[in-house]
Amino acid sequence: MRGLLLLCGVVLIQLLAVQTDAQGSKSKWQTLTGFSPRVIARGGFSGLFPDSSIDAYNFAMLTSVEDVVLWCDLQLTKDGAGICFPGLTMSNASNIEAVYPNRTNTYLVNGVSTQGWFTIDFSLKDLNKVNLIRGILSRSERFDGNGYSILTVQDVNTELKPQGLWLNVQHEAFYAQHNLSMTTFLTTTSKTIIIDFISSPEVNFFKKIAGRFGREGPIFVFRFLEKETFEPTTNRTYGSILSNLTFVKTFASGILVPKSYVLPLDDKQYLLPSTSLVQDAHKAGLEVFVSGFANDVDIAHDYSYDPVSEYLSFVDNGNFSVDGVLSDFPISASASVECFSHMGRNATKQVDFLVISKNGASGDYPGCTDLAYAKAIKDGADVIDCSVQMSSDGTPFCSSSIDLGNTTMVAQTPLRNRSTNVHELSSLGGIYTFSLTWPEIQTLTPAISNPYRTYNMFRNPNERNAGKLVSLTEFLNLAKNSTSLSGVLISVENAAYLRENQGIDVVKAVLDTLTQTGYTNITTKKVMIQSTNSSVLLDFKKQSRYETVYKVEETIRGILDSAIEDIKAFASAVVIVKSSVFPDSEGFVTEQTNVVERLQKSQLPVYVELFQNEFVSQPYDFFSDANVEINSYVTGAGVNGTVTEFPYTAARYRRNRCLGSKETPPYMAPVQPGGLLQVVNHASLPPAEAPNPVFTDADVTEPPLPPVTAKAPTSTP
């Protein structure tokens, strides 16, 4: 079976998308030719579907720039057929081990004894029984049961008719040792198929094929491996060959290099200054293509887990532009080149929605610190937020948790002896904000949030303890002095507990601080008060005219009219979680609810949280790209605002020029909810889950806040 659904792209991407011309204007690109960098899809859309499968190639063409180049790792079978498969041995990306368990062999590959299932031991007919599966185990296994056949080069050309075809010949010398001629295959194939690029890491291979294709033949690209690795036919290291680009120019028109050749990293995964390779190669008349782009791998901390930022550093950094990028996720490469390049920070907003920070830019700095808030403002947030906590001496300040152990290094200080058990707040002990005075809290070192440490993903390690906690007064003054912010959001939780058990009135503290900082007279800055408790918002509404925002923490599949009417009595906007818009099951979006639509029909704006850049925070449907996810919520679901730990990503997204196009290109179209599951073989579908609850008026109704109970004096610890 060629593939389960060749129309996978149709069900995944909204039909409003159309292909647009990928060639940008010549003047703005610093490529060798002056045209926009090429997008090369490695094995098709191999970040999602099995590498080199029909759906991987087809989906790459449906979601990328019109002239996307399809990359085929060319291997030869025992009978000389040319197939597209990512490796010389076949166990990693196919089910050959199950089909032919006893047909392994051992050969020397570049002088190294290697065991496995080699393509040279199987005829094309043998391989018709073998199916493609994922080659990278961290990617979804759901498509492994789709029965994808191994494709020949002729299959790719006949069934897909690509605008560009790139054949990578990784082991020509190995095939020659076994009496299989890659040169013969390529020259014969080129008579019936247009081959646009041929790459190889072997110098002698290019000498063999020189002059075989005529003036209109393919572009030859020399592939560099790691600098310390020896090129097998000259016995020189690739680093040595790199120092003599004029030699490379004698047999190739371009070079393909790992990312580190252009933008190296230090041992902490931060960027070092760029090399001069691109400029040097362009001077030598060589195009520069860069490999290794994938949304679901670790990238430099400088990019804040945002793949678009990484692409832009290679194609639009003001100093040079590489001539093409080799990507497992060509949708992100396409959007980077065509939508986000050459776009200044002051570019016009193409779509209007609020960018609301979550504890400031807490993806880059410890949350609720001066540095996190300053970066959120610089990055283009419309609204910065403060989750108000109270110290024992009644000072309101900003912290994402009432337990200081979650946000600071307090456990490593003598103040750890203030730990107490408060069952109303947690089943575990904690060092709570109301157990320390504000001067004591000011001595604490903040700690960055690492929600995905189990995946070994850490945020900005160099700044993991940077900045200082700020009081609500300092937060409000910072916002007041900003010319770009439209407002602030103040979140209030645990108000009933603090009144009853600690004798602290957080509502009064917030209102007093707003008055003291002059917000009662400010008309240019909107003040939003947010809470998950209707009783808190009713209390604020009785005492002030600030905008109130009701947060629904639970994942819900719907909401009753009576609940909406109750909410409207005390709130002017609603915050819901992402899964209340696009519920998901085991990493796949299942549908779109009508929660946003119903709330908006009742004149309640809807803000959604929590947006994060790390690819593990997103269902597979969003292709491991925070920009695709934001786009689907904003232009797909029509939300009014995003609550994000990475405000820069959201603020930049709404300025991208593709949103202003008359016809939306496919790489900027929202995904179709549930579309990806339609491409999964029925036997591989995730098990059905119990439906999420419907939100009712009983979920909204609460008793009023209790009065403040005077706290009995305690001895100083």
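Me: Is Arg103 buried, exposed or partly exposed?
Reply: Arg103 counts as partly exposed, at 29% relative accessibility in this predicted model.

Me: Which residue does Arg103 form a salt bridge with?
Reply: Its partner is Asp126, and the closest N and O atoms of the two are 3.5 Å apart. The pair links distant parts of the chain, 23 residues apart. Asp126 sits in helix H4 (residues 124-127), while Arg103 is in the loop between helix H3 (96-99) and strand S4 (105-109).

Me: And Asp126, buried or exposed?
Reply: Asp126 has a relative accessible area of 17%. Buried means under 20%, so Asp126 is buried.

Me: What about Arg418 and Glu440?
Reply: Their side chains meet in a salt bridge, 2.7 Å from N to O. This pair also links distant parts of the chain, 22 residues apart. Arg418 is in the loop between strand S17 (396-398) and strand S18 (420-421), and Glu440 is in helix H15 (residues 438-442). Arg418 is buried, with a relative accessible area of 13%, whereas Glu440 is partly exposed at 22%.

Me: What does Glu474 pair with?
Reply: Glu474 forms a salt bridge with Lys468, and the closest N and O atoms are 3.6 Å apart. Glu474 is partly exposed, at 33% relative accessibility. Lys468 is partly exposed too, with a relative accessible area of 40%.

Me: Which residues are joined into one network by salt bridges that share partners?
Reply: Arg42, Asp51, Arg139, Asp296 and Asp328 are joined that way.

Me: How many salt bridges does the count come to?
Reply: The count comes to 28 salt bridges.

Me: Switching topic. How many disulfides does the structure hold?
Reply: The structure holds 3 disulfides. One of them joins Cys72 to Cys84, with an S to S distance of 2.1 Å. Cys72 lies in strand S2 (residues 69-76) and Cys84 in strand S3 (residues 82-84), so this link ties together parts 12 residues apart in sequence. Both cysteines are buried.

Me: What does Cys339 bond to?
Reply: Cys339 forms a disulfide with Cys658, their sulfur atoms 2.1 Å apart. Cys339 lies in helix H13, and Cys658 lies in the loop between H23 and strand S29 (694-695), so the pair ties together parts that are 319 residues apart in sequence. Cys339 and Cys658 are both buried.

Me: Is that disulfide left-handed or right-handed, and why?
Reply: The torsion about the S-S bond of Cys339 and Cys658 is about -90°, so the disulfide is left-handed.

Me: And Cys386?
Reply: Cys386 forms a disulfide with Cys398, and their sulfur atoms are 2.1 Å apart. The link is left-handed, with -105° about the S-S bond. Cys386 is in strand S16 (residues 383-390) and Cys398 is in strand S17, 12 residues apart. Both are buried.

Me: What pattern do the disulfides follow?
Reply: Counting bonded cysteines along the chain, the pattern is 1-2, 3-6, 4-5.

Me: Why is there no bond between Cys368 and Cys398?
Reply: The sulfur of Cys368 is 5.7 Å from the sulfur of Cys398, which is too far for a bond. Cys398 holds the closest cysteine sulfur to Cys368. Cys368 counts as buried, at 0% relative accessibility.

Me: Now helix H12. How many of its residues are buried?
Reply: Helix H12 covers residues 307-315, and 9 of the 9 are buried, so the helix is largely enclosed by the rest of the structure. Among them are Pro307, Glu310, Tyr311 and Phe314.

Me: What do the buried residues of H12 pack against?
Reply: They pack against strand S13 (287-293), strand S14 (324-327), helix H13 (330-340), helix H22 (626-636) and helix H23 (647-653).

Me: What is at the start of H12?
Reply: A side-chain oxygen of Asp306 reaches to within 3.2 Å of the backbone nitrogen of Val308.

Me: Zooming out, how many helices and strands does the protein chain have?
Reply: The protein chain has 24 helices and 29 strands. Buried residues make up 58% of its 717 residues.

Me: What is its radius of gyration?
Reply: The protein chain has 29 Å, which agrees with the value near 27 Å for a compact globule of 717 residues. The C-alpha trace spans about 90 × 50 × 50 Å along its principal axes.

Key:
Residues numbered from 1 in each chain as written. Predicted model: local features only at pLDDT ≥ 70, side-chain atom pairs only at ≥ 80, totals over all residues. Heavy atoms only, no water. Buried < 20%, exposed > 50% of the residue type's maximum accessible area, 1.4 Å probe, protein only. Helix = DSSP H or I, 4+ residues; strand = E, 2+ residues; numbered from the N terminus. Contact = heavy atoms within 4.5 Å. Polar contact = N/O pair within 3.5 Å; in protein donor to acceptor, adjacent residues only side chain to side chain. Salt bridge = Lys/Arg side-chain N within 4 Å of Asp/Glu carboxyl O. Rg over C-alpha atoms; globule rule 2.2 N^0.38 Å. Disulfide = S-S within 2.5 Å.
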